[in-house]
Structures are given as structure tokens and as C-alpha cells.
Amino acid sequence: MTAAAQFSPLPQWPLYGLTDDLFPALERWSAEGKLAALATLVSITGSSPRPLGSEMAICEDGEVQGYVSGGCVEAAVRAEALESLKDGQPRMLDYGAGSPVLDIQLTCGGRIGIFVRALPDLAAHVATLKAARENRRPITLLTDLDTGAMQFCAEARATGLEGRMFVRQYLPPLRLILSGGDPITLALLSLSPLMGLETTLLRSYGPPEPPPGLSPTRYIRGSLDAALPTLSLDRWTVVYSLTHDALSDLTLTAHALKSEAFCVGILGSRRKIPGRLEALRTAGVPEEAFSRLHLPAGLEIGARTPMEIALSILTQMIATRPR
């Protein structure tokens with residue numbers, strides 16, 4: 001019996017494709033003592049629905065997370081990954097226009113190469129990724145496409161091929177720091193988990209508990225002055241002040257613009273922009289930092305409701321995030 005015959009078909013609704021960050025699934029499988037394989041999109045000719053370096057994780061029990069095409073090849077990739085877990089051999093899969101696999105074609109008309117290999121030590125793999133995430137630093141995985149051998153390095157290198165080595169860089173998860181307690185803040189908190197964001201909510205002297213049904217990674221309710229030194233604002237951090245209080249907005253924004261935070265915004269009307277810019281200059285914010293400032297917060301998409309405004313803010317964050 002082949003590996004593909006031992007497991008049920010992939011779900012008709014590909015919810016696994018909503019997962020881009022594979023770390024939580026890998027960590028869960030490791031804690032359960034399971035084996036896993038990794039499939040990586042390593043070459044693209046023509047069009048592809050997924051970017052180079054896209055990954056799919058496959059558990060020994062047949063569960064998958066992530067995707068490497070628009071749904072055209074995932075079932076075949078899972079079957080090959082399960083076989084790889086059985087025999088320990090890596091596989092280079094070739095699908096699409098001109099591929100010898102005639103029964104699997106891509107609707108986009110392109111051709112893709114997917115490298116599949118078993119993770120020999122899932123616990124060690126997870127531990128290395130976890131340490132990098134906790135320390136908020138990038139980490140790079142080097143995979144030998146001839147042998148399947150993998151090793152991590154701390155050097156920042158662009159995702160892509162280097163000879164017969166495939167380089168895949170992992171960046172820290174984006175962190176969203178919000179200050180406020182209005183409906184737009186709540187809308188952002190409700191959407192953030194869908195985007196895989198780490199969220200910190202600041203509300204000076206706010207309620208003892210965070211908003212019901214919403215779970216920010218961190219909730220700070222003390223004074224803003226006391227909270228600022230505790231914030232870690234690296235270049236994968238977004239800061240939005242939605243307090244409707246001029247002094248609080250100014251204090252947090254000035255602090256954020258003096259950090260590495262890549263995107264900073266304040267909710268409010270356009271007529272307040274000149275006064276806010278002048279106040280920030282008076283607070284010592286360097287002129288070059290204003291390229292990271294968005295006044296008012298969010299892209300102009302005609303948003304009116306809290307959910308629409310929250311979406312415009314998340315869109316702005318995505319458009320400006322580090323690549």
C-alpha cells in the first residue's frame with residue numbers, strides 16, 4: 001500500500017492554505033512526538049501563484065499546513081512527502097508546462113520545482129526557529145538540493161538558489177503595537193490573529209482585563225510613560241496610536257519614530273497633520289524618520305466603519321513591511 005492510499009484525500013476546502021507561518025504546526029507536531037517533512041518551492045519558470053521559498057509542512061499522519069501552488073499539486077506533494085518520511089530520501093518534484101508529469105498541470109501555465117525532504121530532527125529544527133523568533137532575529141536555512149542536508153546560519157541572505165544550495169530566510173513575526181480602546185482598536189485586535197501578528201495593546205489606566213473575546217499577546221494598562229521603556233521596537237514592528245488624545249498620540253509616536261519601527265501612524269483628520277508634524281519636530285524626532293510616519297493612519301480606500309479602517313491600517317502595514 002502506498003503512503004497516499006493510507007490517508008484520506010486533502011480537504012475539499014483548503015484551510016491549510018491559510019497558514020503561511022509553519023512554526024506553530026511544526027512545534028505542535030514536535031511536542032506530540034511526530035515526524036514531519038518540508039516541501040519548498042525552489043524554482044519557478046513563468047507564472048506561479050506562490051512566491052519562491054513558499055513552504056508546505058507534512059506530518060506523518062497526513063496533516064498538512066501551508067501550500068506551494070494554487071491547489072494544483074498539494075495532494076501529490078503530500079504523497080511524495082509521506083514516501084520521503086518512509087525511505088528517508090529527498091525528492092525534487094517538477095510540475096507544469098514541459099514537465100514529465102503530464103497528469104498534473106498548473107492553471108497559470110508556468111512550471112515549478114518543489115524540493116521535498118524529511119526533517120531528520122524535528123525537535124532541533126523547532127528549537128532553532130523558536131530561539132530566533134524569541135530573540136527577534138532573522139535566521140537562514142540552507143538546503144543542499146543534491147543530498148537534502150540542511151543547516152541554519154545566522155547570516156542574512158536573500159531567499160533563492162545559490163548553485164545547488166537553496167537559501168530560505170525566516171524573518172521574525174511582525175509585531176503590532178496599538179494604543180487605544182476605541183472600536184477601531186478592537187477591530188484591529190480581531191483581525192490581527194488572522195494575519196499572524198504579535199499584538200501589544202496599550203491602554204493607560206484601562207480595565208483590568210483585555211477586551212473580552214480578544215487576546216492580545218500582551219496587555220499593558222499602566223501609565224504610558226511607564227510602558228514605553230518596556231516596549232521592544234525593532235524593524236519588524238508597527239506602532240499605531242488610536243487614543244484620540246493629542247498628548248498620548250504625540251508621546252507614543254515620538255518614541256516610536258526614534259526607534260527602528262518600520263511603520264508608525266496616528267488616527268485623526270488631515271487638518272491636524274501640520275500641527276502634529278511640528279510637535280514631533282519639537283520633540284526631537286529627526287526629519288528622516290518622517291518617511292515612516294503615516295498621517296492619518298491607513299491607506300485611502302474610502303474606509304468608514306471600524307472594520308474598514310482597521311483593514312486600511314493592516315493594508316498600509318503590509319505595503320510598507322520589510323522584505
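**Figure 1. Nonpolar residues number 26 in the lining of the largest pocket**. The rest of this lining divides into eight polar and 11 charged residues. The model shown here, and in each view below, is predicted. The largest pocket holds about 1,600 Å³ of space. Its lining has 45 residues. Closest to the pocket centre are Asp-20, Asp-21, Arg-168, Leu-171 and Arg-321. Rolling a probe the size of a water molecule over the atoms shows where empty space is left.

**Figure 2. Helices and a strand contribute to the wall of the largest pocket**. Helix 2 (23–31), helix 4 (122–134) and helix 9 (306–320) each supply at least two lining residues. Strand 9 (165–170) also supplies at least two. Helix 4 gives the most to the lining, with four residues.

**Figure 3. Helix 2 packs against helix 4**. The angle between them is about 135°, and their axes lie 9 Å apart. The two helices are therefore oblique to each other. Helix 2 passes helix 4 in a left-handed crossing. From helix 2, the residues that meet helix 4 are Phe-23, Leu-26, Glu-27, Trp-29 and Ser-30. Helix 4 answers with Leu-122, Ala-123, His-125, Val-126, Leu-129, Lys-130 and Arg-133. By class, this contact has seven nonpolar, two polar and three charged residues.

**Figure 4. Arg-136 has a positive phi**. The value is about 55°, although Arg-136 is not a glycine. Where does Arg-136 sit? Look in the loop between helix 4 and strand 6 (139–144). Most residues other than glycine have a negative phi, and most peptide bonds are trans.

**Figure 5. Helix 5 meets helix 9 with no charged residues in the contact**. Helix 5 covers residues 183–191. The helices pack at an angle of about 60°, with axes 8 Å apart. Helix 5 and helix 9 are therefore oblique to each other. The crossing of helix 5 past helix 9 is right-handed. Helix 5 brings Pro-183, Ile-184, Ala-187, Leu-188, Ser-190 and Leu-191 to the contact. Helix 9 brings Pro-306, Met-307, Ile-309, Ala-310, Leu-311, Ile-313 and Leu-314. By class, 12 of these contact residues are nonpolar and one is polar.

**Figure 6. A cis peptide bond joins Leu-295 to Pro-296**. Its omega is near -10°. Pro-296 lies in the loop between strand 15 (293–294) and helix 9.

**Figure 7. The second largest pocket holds about 260 Å³ of space**. Which residues come closest to its centre? They are Pro-296, Ala-297, Leu-299, Glu-300 and Ala-303, out of 14 that line this pocket. Pro-296 is also the residue reached by the cis bond from Leu-295. The lining of the second largest pocket divides into seven nonpolar, four polar and three charged residues.

**Figure 8. Helix 7 crosses helix 8 at roughly 60°**. Helix 7 spans residues 246–257, and helix 8 spans residues 273–282. Their axes come within 10 Å. Are the two helices parallel or oblique to each other? At this angle, helix 7 and helix 8 are therefore oblique. Helix 7 passes helix 8 in a right-handed crossing. On the helix 7 side, the contact is made by Asp-249, Leu-250, Thr-253, Ala-254 and Leu-257. On the helix 8 side, Arg-276, Ala-279 and Leu-280 take part. The contact residues divide into five nonpolar, one polar and two charged.

Technical notes:
Residues are numbered from 1 along each chain as its sequence is written. This is a predicted model: local features need pLDDT of at least 70, side-chain atom pairs count only at pLDDT 80 or more; totals for chains, interfaces and linings use all residues. Side-chain values use heavy atoms; hydrogens and water are left out. On a 1 Å grid over the protein atoms alone, a cavity is a set of points where a 1.4 Å probe fits but cannot get out, and a pocket is an open set with protein on both sides within 12 Å along at least five of seven lines; lining residues have an atom within 4 Å of a point. Grid points are joined across faces, edges and corners, and a volume is the space filled by probe spheres set on the points. Ala, Val, Leu, Ile, Met, Phe, Trp, Tyr, Cys and Pro count as nonpolar, Asp, Glu, Lys and Arg as charged, and the others, Gly among them, as polar. Axes are lines fitted to C-alpha atoms, for helices over the stretch in contact, and angles run from 0 to 180 degrees between N-to-C directions. Angles under 35 degrees count as roughly parallel, over 145 as roughly antiparallel, 65 to 115 as roughly perpendicular and the rest as oblique. A crossing is left-handed if the near helix is turned anticlockwise from the far one by less than a right angle, and right-handed if clockwise. Contact means heavy atoms within 4.5 Å.
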